[in-house]
Amino acid sequence: MFEGFGGALVTISEPHVLLTLFFGSVIGLIFGAVPGLGGILAMSMLLPFTFTWDAITAVYLFSGIMGASSFGGSISAILLNTPGTPVNAATCFDGYPMAKRGEAARALGLSAGACLLGALFGLLILALLIQVMRPLVIAFGHPEIFWLVVFGLVTTATVSQGSLLNGLIAGGVGILLSLVGLNEPTGLIRYTMGSEYLWDGIPLIPFFVGLFAIGELINYSAQGGTIARDNIQASIRGAWQGVMENFRYAVCLLRSSSIGTLVGIIPGVGGETANLIAYTVAVQSSRDPTSFGTGSPEGVIASEAANDSKDGGALLTTLSFGIPGSLAMALLLSIFIMHGVSPGPQLILDNPIFIWTLLNGYVVSNAFASIFGLLAARYLAIITRVPVHYLSAIIAVVALAGTYILRENIWDVVLVVLLGILGFGMRRAGVPVLPLVIGFVLGNLAEKSFLLTLRIHDGSYFGFFNSVISWILILTMVAVPVITRLRTRSTTTP
Amino acid sequence: MRIPKSLFNAFLVALVALSLALAAAPASAADWKPSKPITILVGFTVGGAMDTAARLQGEVMSKLLGVPVLIRNVPGAGGRNSVTILNRAKPDGYTMAAINLPGQAVNQVARGMRPDLRSFTWIGRQVSNPYFLQATTKEGKDQWTNFKQMKTAKKPIKAGITGTGGNTFPISVITANLVGFPVEFIAGFKGPELITGIIRGDITITNLPLTKRWTTAVQSGEAKAVAVYLPERHPKFPDIPTGVEQGFPALDR
Amino acid sequence: MKRVNYSYVMVNLFYLAVVLVVVIPSFGFEGQGGLVPLVLGIPTLAFILFCLARELLSPSAAPDDTVEVAPWDKAAPVVAWLGVFCVLVLLIGFQPTIPIYMVLFLRSFGRLSWTRCAVAAVTVWALVYVSLELVLQRTLFEGVLFGAILPLL
């Protein structure tokens, strides 16, 4: 396993490799930060050009893009309440309130630290488990995915701020919205009201861009002034402090990274799930659950650590099994195959240098991104002090053009604006957005794994309860709220 | 998924007819010298399998033809946007589309999609990869080793498919009907999940193209291949019998 | 003095529409197609109706100045501007719309001088053009008036 490490280390010190990696990281940062674009788009655009490159350089380029894009996405999530990529959605909930409070740099520092540490955690697990991976992937079937997703959905209800009823309604509506379109398990086309556009369901990225970016854009444009409301002088300081705070919340960091890695390992559960589940679990297990949603550092850490650790988990499945856990991994696989490297258990024995190349590249690009974040935080934070009419015009143009580019479907642009109005209405009405988003992301997966489990077990509901992992998930789901309740009681009655 | 029997049969006849019609005559364009960029429409998002293949092809095509080849992603409506937009484009050879034929054939036959797929000029197969019928080797599940044995199945055989729009569905329908075994479709797997489903025994058969990941599964004994849809045995897998050998000459591709 | 929170009512009416669109056809699906939607949809429907009734019978809205979010009368112009952007893009495409929208918006909404408007408009347009069209080689929507094809709706 470790024999390729030296060789990979030698290649990384070569100037052209470092340059490629740096180039990849810059592309990853930019594509991550612009809503609508994303690392996947960058990777598939560059794929044909790398055809003639040698395999090691190509892998460095793509690991650079992959490593940096999630931090790039958190920049816009924190500064503008706009998740640059869907995996940064949960970062908005606390990162943006921090920026509004004038702590943008601190939030960026938190994110930079959490990204790097989360990525390292995921890779550590990768290195430890890569030889013994297969049983875990096989053990995680549809019933287990179902319980994991239900776990995420149930925690939502308990974390939503304000009225429980409003949270339940938003969660329910989110799930129902995710069911629109072609339902594969039954072959039915549901709830499209005759529209052809809705066949593939409501698209994820326009959903996020509309609800977050445009919803908030309407709000701050109407209010005028700048995004940072108070403490404007402090807003450019505190990045380093943010990085160090990751160690203060080490428990939260480790827990979120573990969740991220686990979600990454399971094939068929998308990356946009990891940050949301980690976030809801962080709220539940925090000593101060009420601070979430108002700018809690733990919220940023939970989301971003899960985000970057999930790549380690997904790589684990991809490398040891040849089964891509996500679209990004599927692309990476095709790069491997294109260069004559076949993934699967043999890879570790035959070509360890590839794995180390990939891992080194991934770590270095994460470090590049985080160092960049640290150095640039004070300048990036200036965005929160720019008069909003500039921001409003630029973000409307860039976000809508970016959304269009992704699917080249002009109706996506109209959908974004309509969802933006809904997003603003929800803020104005004081209705929580978080449960709607979680319901939307997890709903379809929940129904699919539910129906598949039933089918596989000939319609019997016992299929949901005949594995150890299912029971562990069910018991955790019941135990977490109980423990939270007990802990809050013990802290309030000394 | 249980498909209503009537739809199932009508569908099979039409599908076979359509597939044959489309496979018949590839266009010839030996003397064509393009003078402006060529666009290839892809009905799916950036980064998918079809998109990746089209991008690689575009790169080679532009070198051979000497003009830029642009890839335009027009996802939506399960890939049908590419068909609609191709139909509205000028038939001058500068607009092409990579179409997921089995899925769109299902749309045309079962859902009455317009335009008629036969009205296009078909250039060739984008990806040529033989499909194999896979069976589980998980203990306690039904073990299928050949078509003759599958015909004697008392309960419907659980066949995993991605969905009615994917390639695995028509292949499974045609095989089940020609061989004549009862089948129950379990849909909703993502591509890679089919192989884990087979290993886990969630499904007992599925049809998969030749990929690295099922090769590993077959080599390690976690799955086995019942048949290959080729006229002759695959050179890399001489142990796997063809559908033709097992008495079904129509299953040669 | 408490009044009805109309934003709350509107959002819940939207929810109600979504739930009805899902629940009503779900009764007609054969097999398990309607199972999950009904199990979730019917309780959600009940909750929404309860919340709507509660809001209308005993209003909860606080006076406006205590709400952190901008009121609708201030938000309406922004929404209208976004609508203008959509219509322009549909008609004439992104390339001309971006500078036109930037200039008009900054001039009327931000009250900037013409020079500043023009500089901002050209910068953003150039950025979008260079990055998307030149570097990525993607074509932005060209507008119905210039022959672009609308995708299926």
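**Helix H4 of chain A**

I started with helix H4 of chain A, residues 55-80, in this predicted model. At 1.5 Å a residue, its 26 residues should span 38 Å, and I found the end C-alpha atoms 38 Å apart, which agrees. I then looked along the axis and noted a kink of about 30 degrees, centred on Ser69(A). How many of the residues of H4(A) are buried? I counted 26 of 26, so this helix is mostly covered. Just past the end of H4(A), I saw that Asn81(A) takes a positive phi of about 60 degrees.

**Two more positive phi values in chain A**

Asn81(A) made me look for other cases. A reminder to myself: most residues other than glycine have a negative phi.

Tyr191(A) is not a glycine, yet I read a positive phi of about 60 degrees for it. I placed Tyr191(A) in the loop between strand E2 (188-190) and helix H10 (204-223) of chain A. Is Tyr191(A) buried or exposed? Its relative accessibility is 6%, and the cut-off for buried is under 20%, so Tyr191(A) counts as buried.

Asp458(A) went into my notes next, with a positive phi near 55 degrees in a residue other than glycine. Asp458(A) sits in the loop between helix H20 (434-456) and helix H21 (468-492) of chain A. Here the relative accessible area is 54%, and exposed means over 50%, so Asp458(A) is exposed.

**Cysteines**

I searched the whole structure for disulfides and got zero over all chains. I also checked the surroundings of two cysteines. Cys252(A) has 2% relative accessibility, so I put it down as buried. Cys51(C) comes out at 0%, and it counts as buried because the limit is 20%.

**Helix H6 of chain B**

Over in chain B, I took helix H6, residues 168-179. Its twelve residues reach 16 Å from the first C-alpha to the last, close to the 16 Å expected at 1.5 Å a residue. Which residues of H6(B) are buried? My list reads Thr168(B), Phe169(B), Pro170(B), Ser172(B), Val173(B), Thr175(B), Ala176(B) and Val179(B). It helps to recall that an α-helix has 3.6 residues a turn, so residues three or four places apart point the same way. Just after H6(B), I noted Gly180(B) with a positive phi of about 85 degrees.

**Aromatic pairs**

How many aromatic pairs are there over all chains? My count came to 31. I opened up the pair of Tyr279(A) and Phe292(A), which is edge-to-face, with 5.8 Å centre to centre and 80 degrees between the planes. Tyr279(A) lies in helix H13 (residues 271-285) of chain A, while Phe292(A) is in the loop between H13 and helix H14 (297-321), so the pair ties together parts that are 13 residues apart in sequence. Tyr279(A) and Phe292(A) are buried.

I then went back to H6(B), where Phe169(B) pairs edge-to-face with Phe185(B) at 5.5 Å centre to centre and 75 degrees between the planes. Phe169(B) belongs to helix H6 and Phe185(B) to strand E6 (residues 183-187) of chain B, so this pair ties together parts that are 16 residues apart in sequence. Phe169(B) and Phe185(B) are both buried.

I also found an aromatic cluster that takes in residues of chains A and C. Tyr404(A) joins Trp81(C), Phe85(C), Phe94(C), Tyr101(C), Phe105(C), Phe109(C) and Phe141(C) there.

**A sheet in chain B**

Next I traced an open sheet of three strands in chain B, with the order E2-E1-E3 and parallel pairing. Which are the edge strands? They are strand E2 (69-73) and strand E3 (95-98), and each pairs on one side only. From one strand to the next, I have a twist that averages 25 degrees. Strand E1 (residues 38-42) runs parallel to E2(B), and I counted five bridges joining them. Across this pairing, Ile38(B) stands opposite Val69(B) in E2(B).

**Chain C**

I closed the notebook with chain C, where I found five helices and zero strands. Along the sequence I wrote its pattern as α-α-α-α-α. What percentage of the 153 residues of chain C count as buried? I noted 43%.

Definitions and conventions:
Residues numbered from 1 in each chain as written. Chains lettered and ligands numbered in written order. Predicted model: local features only at pLDDT ≥ 70, side-chain atom pairs only at ≥ 80, totals over all residues. Heavy atoms only, no water. Helix = DSSP H or I, 4+ residues; strand = E, 2+ residues; numbered from the N terminus. Expected span 1.5 Å × (residues − 1). Bend = angle between axes of the 7 residues up to and from the residue. Buried < 20%, exposed > 50% of the residue type's maximum accessible area, 1.4 Å probe, protein only. Disulfide = S-S within 2.5 Å. Phe/Tyr/Trp six-rings, centres within 6.5 Å; stacked < 30°, edge-to-face > 60°. Pairing = 2+ DSSP bridges. Axes fitted to C-alpha atoms, helices over the stretch in contact; angles between N-to-C directions.
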